[in-house]
Amino acid sequence: MKTISVGLMEGRKSVDIELIGNWKGMDSGRHHLTSAVTLVPAGPDASFAVNDVTIGIGFHWERNERQAFRGGLRILQRPGGLTVINDVELEDYVTSVISSEMSAACPPDLLKAHAVISRSWMWYPKANPEARGPGTEFIQTPGELIRWYGRESHEDYDVCADDHCQRYQGITKVFSESVQQAVRDTKGQMLMFEGGICDARFSKCCGGVSEEYRVAWDDRNIPYLSSVVDPYCDTNDKELLAQILP
């Protein structure tokens, strides 16, 4: 069973949560937490909700939401405040991602393709630890320092829950049976290249032409991340955009 850790929030003085169902170490109900704690679900009905989760950090749609999650809950005490982490099974994570990154009402084949991509993107650093960092640092011109960053900024967890990694909003956005079916139909499937898992980073819109990896991320060539024309990424096609974007 593949399990990953997702960072939900950092730098908080306190965290307000609600435990639903049965949990080990703490009763169900609302709790105001100000110190480190590890909570493990005691049954399949267990879930938890967290108040004031910030989404869209740095974007014009940035806002705080109450969100619900399944899996384990860890709160770490760090110098800058409390860090909240959700330990969740990979397939449950993918189910949430494809419901959070785009509409859960998208066509089944699009949901299945996104499930494979999201699963691959998530597991690639697990299979390639060197991909996490530290980033490659070099001098391009005198007085200019360039550094390529991966996910090494997340020291306490595998990925964050926001657009910096993949948008993950727990079970809050999972309302479509077709999403769950897409994940079941593709369970464990990942994009592969020459026997290894692909770095399957993606974007919602490429403007009609995707960028080469070596130009956008790191100064090396990755054959399967080359520039291609995307005839479906047409900003004038409002019907298509309505299907893809949440």
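Against which helices do the buried residues of α3 pack? In this predicted model, the buried residues of α3 pack against α1 (90–100) and α2. Helix α3 spans residues 177–185, and V179, A182 and V183 are its buried residues. Viewed down the helix axis, these residues fall within an arc of 95°, so they line one face of α3. An α-helix has 3.6 residues a turn, so residues three or four places apart point the same way.

The chain as a whole contains five helices and 14 strands. Of its 246 residues, 41% count as buried. Among contacts in the chain with a separation of 6 or more, 62% are between residues 24 or more positions apart. The accessible surface of the chain comes to about 13500 Å², and carbon and sulfur atoms make up 51% of this area.

The largest nonpolar core has 50 residues, and the members that touch the most other members are V6, Y93 and Y168. Helix α2 (residues 108–127) gives the most to this core, contributing six residues. In soluble globular proteins, nonpolar side chains tend to be buried together. Leaving aside residues up to four places away in sequence, Y168 touches V6, L8, Q67, F69, R70, N86, V88, Y93, S96, V97, S100 and A161. The contacts of Y168 thus include V6 and Y93, which are named with Y168 for touching the most other core members.

Aromatic pairing was searched over the whole structure, and six pairs were found. One of them joins F59 and W61, which are stacked, with a centre-to-centre distance of 4.5 Å and an angle of 10° between the planes. Neither residue of this pair is counted as buried, because buried means under 20% relative accessible area: F59 is partly exposed at 40%, and W61 is partly exposed at 28%. A single aromatic cluster is formed by W23, F48, F69, Y93 and Y168. Within that cluster, F69 and Y93 are also among the residues that Y168 touches. A charged side chain is placed against an aromatic ring elsewhere: K2 lies over the face of W123, at 5.5 Å from the ring centre.

Strand β1 covers residues 3–12 and includes S5. The relative accessible area of S5 is 8%, and the residue is therefore buried. With residues up to four places away in sequence not counted, S5 touches R74, I85, N86, D87, D156, Y157, D158 and V159. N86 is touched by S5 and also by Y168.

Technical notes:
Residues numbered from 1 in each chain as written. Predicted model: local features only at pLDDT ≥ 70, side-chain atom pairs only at ≥ 80, totals over all residues. Heavy atoms only, no water. Phe/Tyr/Trp six-rings, centres within 6.5 Å; stacked < 30°, edge-to-face > 60°. Buried < 20%, exposed > 50% of the residue type's maximum accessible area, 1.4 Å probe, protein only. Lys NZ or Arg CZ within 6 Å of the ring centre and 35° of its normal. Core = buried A, V, L, I, M, F, W, Y, C linked by side-chain atoms within 4.5 Å. Helix = DSSP H or I, 4+ residues; strand = E, 2+ residues; numbered from the N terminus. Contact = heavy atoms within 4.5 Å. Arc of directions from axis to C-beta. Areas by Shrake-Rupley, 256 points an atom, 1.4 Å probe, with all protein chains shown as cover.
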